[in-house]
Number of protein chains: 2
Amino acid sequence: MPEMPAIAGVTLATAKAGIRYAGRTDVLLVLFDPATTVAGVFTKSKCPSAPVEWCRAHLKPGKSSKNLARALVVNSGNANAFTGKNGRTATKMTADIAAKAVGCKAAEVFLASTGVIGEPLDASKFVAVMDGLVAGAKPGEFVAAAKAIMTTDTFPKVATATVKIGKSKVTINGIAKGAGMIAPDMATMLSFLFTDAAIAAPALQALLKEAVVDTFNAVTIDGDTSTSDTLMMFATGAAAGCPRIARASDPRLKAFKQALFKVLANLSEQIARDGEGARKLVEITVDGAVSKASARRIALSIANSPLVKTAIAGEDANWGRVVMAVGKAGEPADRDKLSIWFGGIRVAHKGERDPSYDEAAVSAVMKRPEIRLKVALGLGKGRDRVLTCDLTKEYISINGDYRS
Amino acid sequence: MPEMPAIAGVTLATAKAGIRYAGRTDVLLVLFDPATTVAGVFTKSKCPSAPVEWCRAHLKPGKSSKNLARALVVNSGNANAFTGKNGRTATKMTADIAAKAVGCKAAEVFLASTGVIGEPLDASKFVAVMDGLVAGAKPGEFVAAAKAIMTTDTFPKVATATVKIGKSKVTINGIAKGAGMIAPDMATMLSFLFTDAAIAAPALQALLKEAVVDTFNAVTIDGDTSTSDTLMMFATGAAAGCPRIARASDPRLKAFKQALFKVLANLSEQIARDGEGARKLVEITVDGAVSKASARRIALSIANSPLVKTAIAGEDANWGRVVMAVGKAGEPADRDKLSIWFGGIRVAHKGERDPSYDEAAVSAVMKRPEIRLKVALGLGKGRDRVLTCDLTKEYISINGDYRS
């Protein structure tokens with residue numbers, strides 16, 4: 001785990017509000033200097049959680065929008081999803097409690113919740129802890145923050161990068177929690193990025209939207225999309241001497257964009273590595289597709305195939321199942337031009353088993369904790385890459401055994 | 001298992017060709033009277049097996065096509081999929097061997113294979129058994145036929161119905177083998193229907209295409225589509241006094257259509273019930289969608305969700321995961337109009353947990369071997385139903401454990 005530096009203009013505090021878990025922190029408060037801009041991307045679910053709706057409502061779209069944030073409140077243990085009017089009331093109440101304690105508008109408070117679906121969230125539990133959180137907020141508490149938002153993640157997820165914008169040194173810190181639908185009744189991928197760069201809200205939104213395409217949006221655990229997936233970024237502008245950037249296309253952002261991508265790639269890889277019951281991190285690369293979008297759909301078809309994932313759990317280079325997953329994607333593919341590699345070893349070539357591959361070498365590759373699977377379609381220049389994990393009996397245990 | 005009557009114009013024989021399995025039958029030959037018409041629907045995979053390509057090539061489309069069949073050869077143990085030119089050579093050789101023994105054209109021989117992918121099929125193995133198969137073919141051997149095409153199905157799948165066309169009594173017999181991708185390296189759903197009705201090929205094709213929509217196409221085990229899925233129907237026209245039907249819209253087919261639907265529904269339900277590692281048959285009904293197609297997509301999203309399937313394996317009425325699966329389908333849905341039932345008990349209503357439901361009653365329902373799950377969207381009149389099974393550790397064992 002990297003050393004997480006402080007970010008100018010950001011302080012953090014965690015508390016035990018007893019929402020569901022006993023004996024551990026379950027609320028995170030992050031405070032921001034005035035003038036902190038905010039951007040966010042959220043689940044595409046048609047049935048999103050109440051906090052997702054709250055955040056969306058307070059992030060105005062458009063090139064001249066001034067989306068400002070003073071506080072972020074995240075709780076674990078209850079997702080406040082599918083809770084109807086109670087859910088909306090709970091988000092409003094949570095924001096009001098935080099706004100009063102912080103001294104800002106409720107619209108400047110952003111929210112995220114993760115945990116049980118369908119259970120009313122008792123927002124009054126925040127009352128008892130909020131003043132203490134505000135009083136105790138300190139810089140640099142990012143690991144504690146990452147721990148407070150965990151559900152059944154097996155480790156806290158943090159990443160950091162430092163770059164220059166003009167002559168000013170700026171930092172990007174990120175925290176995240178678990179991939180897919182993590183544990184009994186639990187849902188959600190949450191991630192929060194913090195920087196002391198000075199970036200206008202519409203530019204920040206554009207940067208975030210671009211950076212997720214090949215990071216968070218290229219990770220799948222089980223193909224199940226949470227009602228609560230939330231990725232937000234906060235830019236305080238408090239770095240000494242940092243120029244204020246108005247447009248995402250500003251050339252001074254070059255290094256910043258690369259660093260943002262690296263932080264998101266790092267966090268999303270940690271999420272894939274810590275997937276439910278996962279023993280192997282699996283990278284799937286598709287090239288030679290008719291387009292990047294087509295390569296993405298084929299890569300996700302492979303990554304979400306239970307048969308490919310169980311084969312990898314069984315350490316079997318079962319390329320026949322990869323062919324099946326390519327075939328079912330519905331994208332242009334020509335069986336007789338298809339080649340497949342496991343761990344750099346070509347096992348199938350032009351529509352047939354590669355006669356020259358060494359079974360022992362492939363078996364050795366499959367025993368590794370990280371498996372690289374590559375498919376070449378031989379049709380065009382479309383290329384893409386996604387990350388996933390294997391499908392094990394532990395996945396079934398985590399998600400199916402708790403009542404039986 | 002029903003008593004399977006003979007079908008006039010159909011004889012069957014099975015043999016042990018030693019393709020992969022020892023000590024069991026692995027080849028099925030079905031012989032048809034001249035003038036037997038044939039129709040077929042096949043996998044939508046972009047990487048289909050060689051036998052699928054063979055059958056497609058010999059089923060001419062169009063309203064005046066005269067597709068005739070004299071023989072069907074099916075083998076288990078090797079799918080002849082992803083076998084390149086060898087695969088095409090093997091299909092041609094198999095058809096030639098059968099055509100010579102039967103005394104017909106190779107184009108009148110239809111083929112299906114199920115088993116290992118990527119392994120060359122040694123078609124010469126059919127030479128040793130073919131004359132014996134032709135000589136030994138007998139009426140009524142449908143259960144033996146269903147056994148010969150099994151891979152890891154736990155029971156043979158047969159169904160039958162008898163109805164009248166005009167004043168003539170006609171029979172429909174069907175056999176099928178396993179759903180999804182059944183076992184280590186195995187793929188495929190295969191099903192064959194036989195009738196002594198006299199129906200022109202284009203009409204037979206239209207009947208079959210219509211009947212699969214709510215039967216075979218409404219069953220999913222793991223969302224993985226085989227390279228070899230094949231459903232064919234053969235109509236001998238040998239029933240005494242049966243009028244020859246030229247068009248699928250002929251009103252004399254009313255009872256026949258219903259019977260065909262019943263046979264296909266019966267077979268496809270058996271496939272869902274015998275899914276890999278399955279302990280529960282799950283029926284998912286979606287109503288109130290904006291259209292039937294939308295209801296189908298939502299029902300399949302629920303049916304293919306690993307989290308819904310593991311919850312059902314764990315006997316947990318986890319409606320939060322059903323909401324998740326509705327939300328991720330991408331179809332019109334309004335969280336606050338959604339209601340969900342397990343086994344007839346409403347557990348969620350208008351976007352919230354139903355406060356009045358009895359936890360003990362729901363627990364009792366979830367222990368049953370057949371689970372009915374219903375979602376009402378409250379948007380329109382679109383309704384659909386699909387069948388699936390639960391996702392258990394045995395699925396992982398069957399598909400992942402065999403090398404470790």
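**Exercise 1.** State which residue stands opposite A:V74 in β5(A), and describe the sheet around this pair.

*Solution.* Step 1: A:V74 faces A:A112 in β5(A). The model is predicted: local features need pLDDT of at least 70, side-chain atom pairs count only at pLDDT 80 or more, and totals for chains, interfaces and linings use all residues. Residues are numbered from 1 along each chain as its sequence is written, with chains lettered from A and ligands numbered from 1 in the order in which they are written.

Step 2: Strand β4 (residues 71-78) of chain A runs parallel to β5(A), and eight bridges join them. Strands (E, at least two residues) and helices (H or I, at least four) are DSSP runs numbered from the N terminus; two strands pair if DSSP finds at least two bridges between them.

Step 3: The open sheet of chain A has four strands in the order β1-β2-β4-β5, with mixed pairing. Its edge strands, β1 (10-15) and β5 (109-116) of chain A, each pair on one side only. From one strand to the next the twist averages 10°. Axes are lines fitted to C-alpha atoms, for helices over the stretch in contact, and angles run from 0 to 180 degrees between N-to-C directions.

**Exercise 2.** Check the length of helix α6 (residues 254-273) of chain B against its expected span.

*Solution.* Step 1: The expected span is 1.5 Å times one less than the number of residues. Step 2: The 20 residues of α6(B) should therefore span 28 Å, and the end C-alpha atoms are 29 Å apart, which agrees.

Step 3: Buried residues (20 or more other C-beta atoms within 10 Å of their own, C-beta atoms being placed from the backbone) of α6(B) include B:F256, B:L260, B:V263 and B:L267. Among the elements that cover the buried residues are β6 (157-165), α5 (201-212) and β17 (382-389) of chain B.

**Exercise 3.** Determine how chains A and B are related and what forms their contact.

*Solution.* Step 1: Chain A is superposed on chain B by a rotation of 180° with 0.0 Å of shift along its axis (RMSD 0.0 Å); the fit is by least squares on C-alpha atoms of residues with pLDDT of at least 70 in both copies. The copies are thus related as by a two-fold rotation axis.

Step 2: In chain A, A:K393 comes closest to the rotation axis, at 2.7 Å (C-alpha).

Step 3: Each chain gives 54 residues to the contact, where two residues are in contact if their C-beta atoms, placed from the backbone, lie within 7 Å. On the side of chain A that touches chain B, α9(A) gives the most, with eight residues.

Note on methods. A residue is buried if 20 or more other C-beta atoms lie within 10 Å of its own, exposed if 12 or fewer, and partly exposed in between; C-beta atoms are placed from the backbone.
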